[in-house]
Amino acid sequence: MKRLILLPLLLVTSGCVGAIHPAANQSYLLREDAEVKRFANPKLFKNLPELDGQPIPIALYSFTDRTGQRKPSSTLASFSTAVTQGADAYLIKTLQDTGNGKWFIPVERVGIDSLIKERQLVRQMREQISGEGAEPLPPLKVAGIIIEGGIIDYNSNIKTGGTGARFLGVGPYQQYTQDQVTVSLRLVSVQTGEVLNSVTVEKTVLSTSEGVTAFTFFDMATKAFEFDGQQTSNEAGSYAIRSAIETAVVELIKDGETKNLWRFKQKETTNETK
């Protein structure tokens, strides 16, 4: 009789455990293709006006983590940073793709040392081959605006909570945790050093956990059966940072138009005559 009781329970628990791992035994994990997204939040750029004029050359020297935060852990000390150390790649990509490349022309300044060394090598090789009359390299493109900023704040567990209910020892529960990342951007004039515009954007990182528990006695209340299954979903911190950067760029563009830094292209209207 005991074997007959335990066998269905084992089948139920094994089935439930397999169900809460959606990535288990899935063939798509072996695919090598990758999805490329221009923006983390394309809706921000859907109705962005066009620039009235030529694209603006802009330079980015650094966009780093200013928080010094480490990944939160309740069990041990973590040496991994809480946010990415390569956020400058997100910012350059956003500037490059904004308005299909018709708003900004990012110039390479993050790796300026490597660029200068490579240009020196090219010049030396040309001089060795052609002598003093070697063709010089064209001058580097300069920017009229420098974009500065960084990730200035990261707060973990700013809000936590959860709900749950049980009936006869069986019931679901849900828990959530909110983190917050703050990004700052500013535009600086190369000619005067004046800060032309500055924005600060906050983005919430949400993590949720859902599960079900069961606890009951059987066999004359001398043996207990307990089951706990859960599934956790964490919003990627890189997505939150990228979304905050994109929001900051859009706000810089909108604020710059109100401060007469540039103008939006007016839509052409046609008069229909019968």
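Begin by selecting Asn100, which is found in the loop between helix H3 and strand S3 (104-108). The model on display is a predicted one, and this residue is a convenient place to enter it. The phi angle of Asn100 is near 55 degrees, a positive value in a residue other than glycine. Asn100 counts as exposed because its relative accessible area is 60%.

**The chain as a whole**

Before going further, switch to a cartoon view of the chain. Its secondary structure comes to five helices and seven strands. Read along the sequence, these elements follow the pattern α-α-β-β-α-β-α-β-β-β-β-α. The chain has 274 residues, of which 29% count as buried. Among contacts between residues at least 6 apart in sequence, 69% join residues at least 24 apart.

**The second largest pocket**

Return to Asn100 and add the other residues that line the second largest pocket. From the earlier part of the chain, select Arg38, Phe39, Phe45, Leu48, Pro49, Glu50 and Leu51; then add Asp97, Gly99, Lys102 and Trp103, which line the pocket together with Asn100. The volume of this pocket is about 180 Å³. What kinds of residue make up the lining of the second largest pocket? The lining divides into six nonpolar, two polar and four charged residues.

**From the pocket to helix H3**

Keep Asp97 selected, since this lining residue also takes part in a salt bridge with Lys93. The closest N and O atoms of the two side chains are 3.2 Å apart. Display helix H3 (residues 87-97) around them: Lys93 and Asp97 are four residues apart in this helix, so about one helical turn separates them. Their exposure can be read next. Lys93 counts as partly exposed because its relative accessibility is 35%, whereas Asp97, at 9%, counts as buried.

**Two further salt bridges**

How many salt bridges are there by the rule applied here? The count comes to three. For another of them, select Arg242 and Glu246, whose side chains meet with an N to O distance of 3.5 Å. Both residues lie in helix H5, four residues apart, or about one turn of the helix. Are these two residues buried or exposed? Arg242 counts as buried because its relative accessibility is 17%, and Glu246 counts as buried because its value is 0%.

Next, select Asp52 and Arg263, which form a salt bridge with their closest N and O atoms 4.0 Å apart. This pair links distant parts of the chain, 211 residues apart: Asp52 is in the loop between helix H2 (43-46) and strand S1 (56-60), and Arg263 is in the segment after helix H5 (237-258). Asp52 is partly exposed, with a relative accessible area of 39%. Arg263 counts as exposed, at 58% relative accessibility.

While the segment after H5 is in view, select Asn260, which lies there. Asn260 has a positive phi of about 60 degrees although it is not a glycine. Its relative accessible area is 69%, so Asn260 counts as exposed.

**A buried charge without a salt bridge**

Select Glu148 in strand S4 (residues 145-164). Which side chain of opposite charge is nearest to Glu148? It is Arg186, 4.5 Å away. A salt bridge requires a side-chain nitrogen and a carboxyl oxygen within 4 Å; Glu148 is buried yet has no salt bridge. To see its surroundings, show Ser62, Ser184, Leu185, Arg186 and Val188, which Glu148 touches when residues up to four places away in sequence are not counted.

**A buried loop residue**

The last stop is Val83, found in the loop between strand S2 (64-65) and H3. Val83 counts as buried because its relative accessibility is 6%. Add Gln69 to the selection: the C-alpha atoms of Val83 and Gln69 are separated by 7.6 Å, and the two residues are 14 residues apart along the chain. Finally, show the residues that Val83 touches, again not counting those up to four places away in sequence: Asp65, Thr67, Ile151, Tyr154, Val181 and Ile241.

Technical notes: Residues are numbered from 1 along each chain as its sequence is written. This is a predicted model: local features need pLDDT of at least 70, side-chain atom pairs count only at pLDDT 80 or more; totals for chains, interfaces and linings use all residues. Side-chain values use heavy atoms; hydrogens and water are left out. Helices (H or I, at least four residues) and strands (E, at least two) are DSSP runs, numbered from the N terminus. Buried means under 20% relative accessible area, exposed over 50%, partly exposed in between (1.4 Å probe, protein chains only). Lys and Arg count as positive and Asp and Glu as negative; His and the chain ends are not counted. Contact means heavy atoms within 4.5 Å. On a 1 Å grid over the protein atoms alone, a cavity is a set of points where a 1.4 Å probe fits but cannot get out, and a pocket is an open set with protein on both sides within 12 Å along at least five of seven lines; lining residues have an atom within 4 Å of a point. Grid points are joined across faces, edges and corners, and a volume is the space filled by probe spheres set on the points. Ala, Val, Leu, Ile, Met, Phe, Trp, Tyr, Cys and Pro count as nonpolar, Asp, Glu, Lys and Arg as charged, and the others, Gly among them, as polar.
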